[in-house]
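New to this one? Here is a friendly walk through it, one region at a time.

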Amino acid sequence: MNFSVIGLQWGDEGKGKIVDYISGNCAAVVRFNGGSNAGHTVVKDGKKYVFHLLPSGAARGKEMILASGVVVDPIILSEEIGKVFGKILIDSRCSVVTPYDKKLDEIIEEKRGSLALGTTRRGIGPSYAMRALRLEPRVCDILANDFNFEALATFYDMMHINGNLQEWIEYSRNVLKGIEGDSGARVVELNEKGEEVVFEGSQGSLLDIMHGSYPYVTSSHTLSTYIPLSLGLSKDIIGDTIGVMKCYATRVGSGPFPSEEKGVLAEEIRRIGNEYGATTGRARRIGWLDFVSLKYAVRMNGVKEVAITKVDVLSKIRQLKICRSYSVDGEEISDFFKAIPRLDDAKAELEEMDSLHGYDFSIGMKGALKKLIELIEEELKVSVRLVSYGEERSETFELSR
Ligand code: IMP
Ligand code: MG
């Protein structure tokens, strides 16, 4: 049975570690959205591996598949290919991020000024946009060597972005040659042989371009329902979805963040949790566990089981707060959908919980930790399957089903 791992917040929930932990029996790890804007961190034997484009199963020698909803940057791909052993399959229908896209990403961000989204500047948004305009080359177009780049070049020329792509095309062809194919067919083939695969979400549910905190979102779909579309298969392929949530919240880049905490406490959490972007190195903004947005994310992804990450961070701070409703212009709102048009003005109503300060994880799950897990199960109507309290695989509690 296949399964998927999806972030329930704004990305950086610790999906990399969870995928690593539960994909032991899987034949392949599949990415289905985004591009090199992701930063998947896996720690193995004390060594840290960060992948931006390849799925995090890369660290374990698994087969790595990029489905057609991913936008592929051949330069980053080439760098990462050099670091892994497993087999790689890139769907022929993936759009290819061009050097123009990266320039446009930067220019748009600069022109937005104080309203900048804080993108990763990896050209991801422009690449999806060019695909929607039917100007972007796909992997198969680069390989076929008969793509007409003129329309794309003319379009970019209007924005004074130009340059000869010839060298880049040659380079890209060399990188992509021999690893392209049909991602959906490969997944079906593996399943028919009795092998299972894991679908690894990138970014988080609240960054989904349609259902997230638009316009402060990424440019692809981050939800489990994008998996079948990206593979070109029917919905049955997804299997169960495991939602990953950090026991506090972070957000990198601009945009509304109702449960945001600022000041000394936020700095402390950032330092202890090492909350710096794996792709851009930016300091992540810090907030508290927000059940309003989590309920929305759980529903959108059909999540029944969750993995909670980074509870060790809570054991090193003296306070623990959670949020079950927002106040928006004096009105109390506990349905994220209703808050969406007014998210900028939404302030979390914070409740103080028993702190986990000094918690000794060798005793298992007791006291304040048990209470927190029970609250999560009750509020989200899910079962907690994994609780992670450190970077290493061994630092994980597995709850029986
Ligand atoms: P873009 O995806 O580079 O266009 O950036 C759009 C927004 O998504 C920005 O706020 C980024 O910081 C955020 N973002 C993109 N990828 C990730 C990720 O992997 N983790 C967390 N935030 C991300
Ligand atoms: Mg990340």
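What follows is a short tour of the ligands, the sheet, a few helices and some backbone oddities.

## Before we start

Keep in mind that this is a predicted model. Everything below is read from that prediction.

## Around ligand 1

Let's begin with ligand 1, which has 16 residues around it. The closest of them are Asn37, Thr120, Thr218, Val252 and Arg282. If you sort the shell by class, you get six nonpolar, eight polar and two charged residues.

Which atoms of Asn37 and Thr120 come up against the ligand's oxygen atoms? For Asn37, an N or O atom of the side chain sits 2.9 Å from an oxygen atom of ligand 1. Thr120 also uses an N or O atom of its side chain, here 2.6 Å from an oxygen atom of the ligand. Val252 offers a backbone N or O atom instead, 3.0 Å from an oxygen atom of ligand 1. As for cover, ligand 1 has 470 Å² of accessible area on its own, and the protein covers 96% of that.

## The magnesium ion

Ligand 2 is a magnesium ion, coordinated by Asp12 (OD) and Gly39 (O) at 2.0 to 2.6 Å. Where do these two sit in the chain? Asp12 is in the loop between strand E1 (3–7) and helix H1 (15–22), while Gly39 is in the loop between strand E2 (28–31) and strand E3 (40–44), so the pair ties together parts that are 27 residues apart in sequence.

Is Asp12 buried, partly exposed or exposed? Its relative accessible area is 23%, and because buried means under 20%, Asp12 counts as partly exposed.

Just along the chain, helix H1 is mostly covered, with eight of its eight residues buried. Among them are Lys15, Lys17 and Asp20, along with Ile18 and Val19.

## The ten-stranded sheet

Now for the sheet. It is an open one made of ten strands, in the order E9-E7-E5-E2-E10-E1-E11-E16-E20-E21, and the pairing is mixed. At the edges you'll find strand E9 (180–181) and strand E21 (396–398), each of which pairs on one side only. In general, strands of a sheet pair through backbone hydrogen bonds, either parallel or antiparallel.

Strand E16 (residues 305–309) makes a good stopping point. Five of its five residues are buried, so it is largely enclosed by the rest of the structure. Both of its faces are covered: one side has Glu305, Ala307 and Thr309, the other has Val306 and Ile308, and all of these are buried.

What are E16's neighbours in the sheet? They are E11 and E20. Strand E11 (residues 240–246) runs parallel to E16 and is joined to it by five bridges; here Ile242 has Glu305 as its bridge partner. Strand E20 (residues 383–388) also runs parallel to E16, with four bridges between them, and Ile308 has Val387 as its bridge partner.

Elsewhere in the sheet, strand E5 (residues 63–66) and strand E7 (residues 88–91) pair in the parallel sense over three bridges. One of the partnerships there is Leu66 with Ile90.

## A residue in helix H10

Glu267 belongs to helix H10 (residues 264–272). It is exposed, at 52% relative accessible area. Arg285 is 18 residues away from Glu267 along the chain, and the C-alpha atoms of the two are separated by 9.1 Å.

## Backbone oddities

Most residues other than glycine have a negative phi, and most peptide bonds are trans. Three spots here go the other way, two by phi and one by omega.

Arg121 has a positive phi of about 60 degrees. You'll find Arg121 in the loop between helix H3 (99–112) and helix H4 (124–132), and at 32% relative accessibility it counts as partly exposed. Lys381 also has a positive phi, near 55 degrees. Lys381 is in the loop between helix H14 (367–380) and E20, where it counts as exposed at 71% relative accessibility. Finally, the peptide bond from Tyr214 to Pro215 is cis, with omega near 5 degrees, and Pro215 falls in the loop between strand E10 (197–200) and helix H9 (226–231).

Terms used:
Residues are numbered from 1 along each chain as its sequence is written. Chains are lettered from A and ligands numbered from 1 in the order in which they are written. This is a predicted model: local features need pLDDT of at least 70, side-chain atom pairs count only at pLDDT 80 or more; totals for chains, interfaces and linings use all residues. Side-chain values use heavy atoms; hydrogens and water are left out. A residue is near a molecule or strand if one of its heavy atoms lies within 4 Å of it. A polar contact is a pair of N or O atoms within 3.5 Å; within protein, one must be able to donate a hydrogen and the other to accept it, and residues adjacent in sequence count only if both atoms are side-chain atoms. Accessible areas come from the Shrake-Rupley method with a 1.4 Å probe; for residues, only the protein chains shown count as cover. Ala, Val, Leu, Ile, Met, Phe, Trp, Tyr, Cys and Pro count as nonpolar, Asp, Glu, Lys and Arg as charged, and the others, Gly among them, as polar. Donors are N, O and S atoms within 2.8 Å of the metal (3.2 Å for Na, K and Ca); water is not among the atoms, so sites may look incomplete. Buried means under 20% relative accessible area, exposed over 50%, partly exposed in between (1.4 Å probe, protein chains only). Two strands pair if DSSP finds at least two bridges between them.
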